[in-house]
Number of protein chains: 4
Amino acid sequence: MKKNNIIKAATRFFASQGYDGTTTKAISDKAGVTEPLLYYHFTGKDEIYTSILDSVFSDYFKQLEVLKKETKTIFEKIESLFLVHFTLVKKMPNEMALILSPRPAKLTDPDNIYAKNTKRHKRWLKSYIGNCLKKGIDSGEFNPVQVKETTSIIIMMLNEILQKKDYKDSPAMRDSIIDFWRRILLV
Amino acid sequence: MKKNNIIKAATRFFASQGYDGTTTKAISDKAGVTEPLLYYHFTGKDEIYTSILDSVFSDYFKQLEVLKKETKTIFEKIESLFLVHFTLVKKMPNEMALILSPRPAKLTDPDNIYAKNTKRHKRWLKSYIGNCLKKGIDSGEFNPVQVKETTSIIIMMLNEILQKKDYKDSPAMRDSIIDFWRRILLV
Amino acid sequence: MKKNNIIKAATRFFASQGYDGTTTKAISDKAGVTEPLLYYHFTGKDEIYTSILDSVFSDYFKQLEVLKKETKTIFEKIESLFLVHFTLVKKMPNEMALILSPRPAKLTDPDNIYAKNTKRHKRWLKSYIGNCLKKGIDSGEFNPVQVKETTSIIIMMLNEILQKKDYKDSPAMRDSIIDFWRRILLV
Amino acid sequence: MKKNNIIKAATRFFASQGYDGTTTKAISDKAGVTEPLLYYHFTGKDEIYTSILDSVFSDYFKQLEVLKKETKTIFEKIESLFLVHFTLVKKMPNEMALILSPRPAKLTDPDNIYAKNTKRHKRWLKSYIGNCLKKGIDSGEFNPVQVKETTSIIIMMLNEILQKKDYKDSPAMRDSIIDFWRRILLV
DNA sequence: GATGAATGAGTGTTCATTCAT
DNA sequence: TATGAATGAACACTCATTCAT
């Protein structure tokens, strides 16, 4: 169906040019459809954006939730977190870029899809990483690092991984980052 | 002078809404001038952007160059690098945000001001950090880390600092980051 | 049948919002059908309008023709004319509003349904009222009023009755108007 | 100035084709300007319409107020009312047509310019005519007609005069109408 | 009869920019 | 320096309509 073409084209443009830099004409041209069809499948440019954003976050959260269920050592939980991000960025770099894209100033988002997902994202990472660190420190597996700041620094790195396509093909980077945290965290 | 108002207003908008999301009307309104005046002082929206970008990079590089001249231990050179970034973001967050803003798709930039500065920025950091690491390792001050990847990780962190205003007021974050690198690098 | 729903919905909209102010989507929504169905039953928006208009005029003329056959005093013929209009507006205000609606500028009306009916309407009233007046004056039943102008004034009033729903429920208005004409016409 | 051209062109179109049937392109073409200029002088199509409507009503009310100040016989006050309407329609038929044009369904009119003026218009006529009738009846100058209904019938006629350009050039119609009311009202 | 998907032409509007003053 | 008036090109979006099913 052509709706998928629209979504694919729009995702690419939104990720690379931003919301404001993407025109409905560009989307329809790339998707091989006429502009009015966008308005048959979506209520407008806004909804194309939020709909894509919502489904991207949904996929992303699904992947994250898997991490919680796996039972490993605490450090492996941190390691998996990085691995998942590297994998996702490699598989769908455009989609992942949207996750950290700044909120388009002109976007009317009545259901607050942007805000909701962004907040949930932040909270999820904070909670997941924070818990890992606490547990790791309590169990003696980890050095007694400062939980709050260390969490933020891990999130910083995840953010960079999500954004920068440069790193996505470098297993060396992946290993170095994990090694960095192994040395910082493990006693 | 009103030109300064224009620059200040434009910087704020470009940093917060992006190039495409910023209209010349918004700039002129915020600056308290009429739109045509923008075209008296600049050749167009493009030049407002590139001119600001160029001066921001210029200030930034000036700060970076100071680091080279200071004679300290190798680690202090790395430390200073982080400190400078924290300081700059605190002093002028909008300007710093521009440094890592994605290249506006629609920007016509005949003198390649964006590309030139961005490349120079990357190269500068790569070279500065790479040299520090090599020297540190050679002199026995640093552990024998992988130079290329470690450089990238440091740059990742600097990028995050430049972008995220959230961290700018947190001395604890700053200290934690530096502390981590002390643990990673120093023998 | 759904065709009737379409006609009913369209009539309401054409009467209240005008031809240009009525969209095919609005009609189909109100009628509880999809837009393409309009094109199964009609050749297009134009034909929906002209078809409705034609049937409205047809009903209207049928009512008018009845007046001619009744044998009464001349004044009662004038009186009946007003009564018929009051009755029709009360029974089907939307339909009657269409009779005097201005010709939609964008309407393509190859069979000139609008023009034909409108002209016939004007001519019918002119002739009916004119004849009544002449006969009445000749027979001595009426005062020797100016036929042309008096005809126009009566038509003016009928037009207002057709348009203004406000009057439709007021028997007092009806009686006053008839009373005035009794005073003007009868010797 | 070109703003006047816009107003003149828009007035003509709004009067003849209605709000929905008038495009901004038609206005700008007729006015000999580009479409964006409409948006320099007005905030949008809506404001062009309401602004014209407001000024038309303003002119119209100015003319009506003059009637109140003249001291004549009661009947002459009624007569003047008709004369003023005939004169105005002759001088500016487009403008007068707007006064009774139906409220465009799609018009966003935050200041309720349409409703305010329309109501004021109705109230003004009701009060002016009603007072004349009452005074005329009390003083014995007029027959004891039913005030409410007679007022409505006079307004009906004024409405027709405002709408129908056909009558505007006919002094005979004017005289006949006034004669009609002379015979109805004067004892 | 009836619909989901799709379209060409056009609508109101905004954009960055220019020109005369 | 600075502005009021004006514009060409593009923008997001709506319109009546069609087609395959």
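These are my notebook entries on a predicted model with protein chains and DNA strands, covering chain contacts, symmetry, one helix and the DNA surfaces.

**Entry 1: chain A against chain B**

I started with the contact between chains A and B. I found 23 residues from chain A and 24 residues from chain B in it. Next I asked which elements supply the chain A side. Two or more residues each come from α8 (147-163) and α9 (171-185) of chain A. Of the elements there, α8(A) gives the most, with eight residues. I also sorted that side by class and got ten nonpolar, eight polar and five charged residues.

**Entry 2: how the two copies relate**

I then laid chain A on chain B. The fit has an RMSD of 0.2 Å, reached by a turn of 180° and a shift of 0.1 Å along the axis. The two copies are thus related as by a two-fold rotation axis. Which residue of chain A comes closest to that axis? I get Asp20(A), with its C-alpha at 2.7 Å. I also looked up whether each copy puts the same surface or another one into the contact. It is the same surface for both, since 100% of the contact residues of chain A recur in chain B.

**Entry 3: chain C against chain D**

On to the other pair. Here I count 24 residues of chain C in contact with 23 residues of chain D. On the chain C side, α8 (147-163) and α9 (171-185) each supply at least two residues. The top contributor to that side is α8(C), with eight residues. By class, I have the chain C side down as eleven nonpolar, eight polar and five charged residues.

**Entry 4: pairs without contact**

I checked two further pairings. Chain A and chain C do not touch, and their nearest C-alpha atoms are 13 Å apart. For chain B and chain D I found no contact either, with the closest C-alpha atoms 13 Å apart.

**Entry 5: helix α2 of chain A**

I picked α2 (residues 24-31) of chain A for a closer look. Which of its residues are buried? My list is Ile27(A), Ser28(A) and Ala31(A). They sit on the same side of α2(A), because they cover an arc of only 90° around the axis. My reminder to self: an α-helix has 3.6 residues a turn, so residues three or four places apart point the same way. I then looked for what the buried residues pack against, and the partners are α1 (2-17) and α3 (35-41) of chain A. Just after the helix, I noted that Gly32(A) takes a positive phi of about 70°.

**Entry 6: around DNA strand E**

Next, the DNA. I find 34 residues surrounding DNA strand E. The closest are Thr23(B), Gly44(B), Pro36(C), Thr23(D) and Gly44(D). The element that gives the most to this surface is α3(A), with four residues. So α3 of chain A turns up twice in my notes, here by DNA strand E and earlier as a packing partner of the buried residues of α2(A). By class, the surface near DNA strand E divides into 14 nonpolar, eight polar and twelve charged residues.

**Entry 7: around DNA strand F**

How many residues surround DNA strand F? I get 34, and the closest are Thr23(A), Gly44(A), Pro36(B), Gly44(C) and Pro36(D). Helix α3 (residues 35-41) of chain D makes the largest share of this surface, four residues. My class tally near DNA strand F reads 14 nonpolar, eight polar and twelve charged.

Technical notes: Residues numbered from 1 in each chain as written. Chains lettered and ligands numbered in written order. Predicted model: local features only at pLDDT ≥ 70, side-chain atom pairs only at ≥ 80, totals over all residues. Near = placed C-beta within 6 Å. Nonpolar A, V, L, I, M, F, W, Y, C, P; charged D, E, K, R; others polar. Contact = placed C-beta atoms within 7 Å. Least-squares fit on C-alpha atoms with pLDDT ≥ 70 in both. Buried ≥ 20, exposed ≤ 12 C-beta atoms within 10 Å, placed from the backbone. Arc of directions from axis to C-beta.
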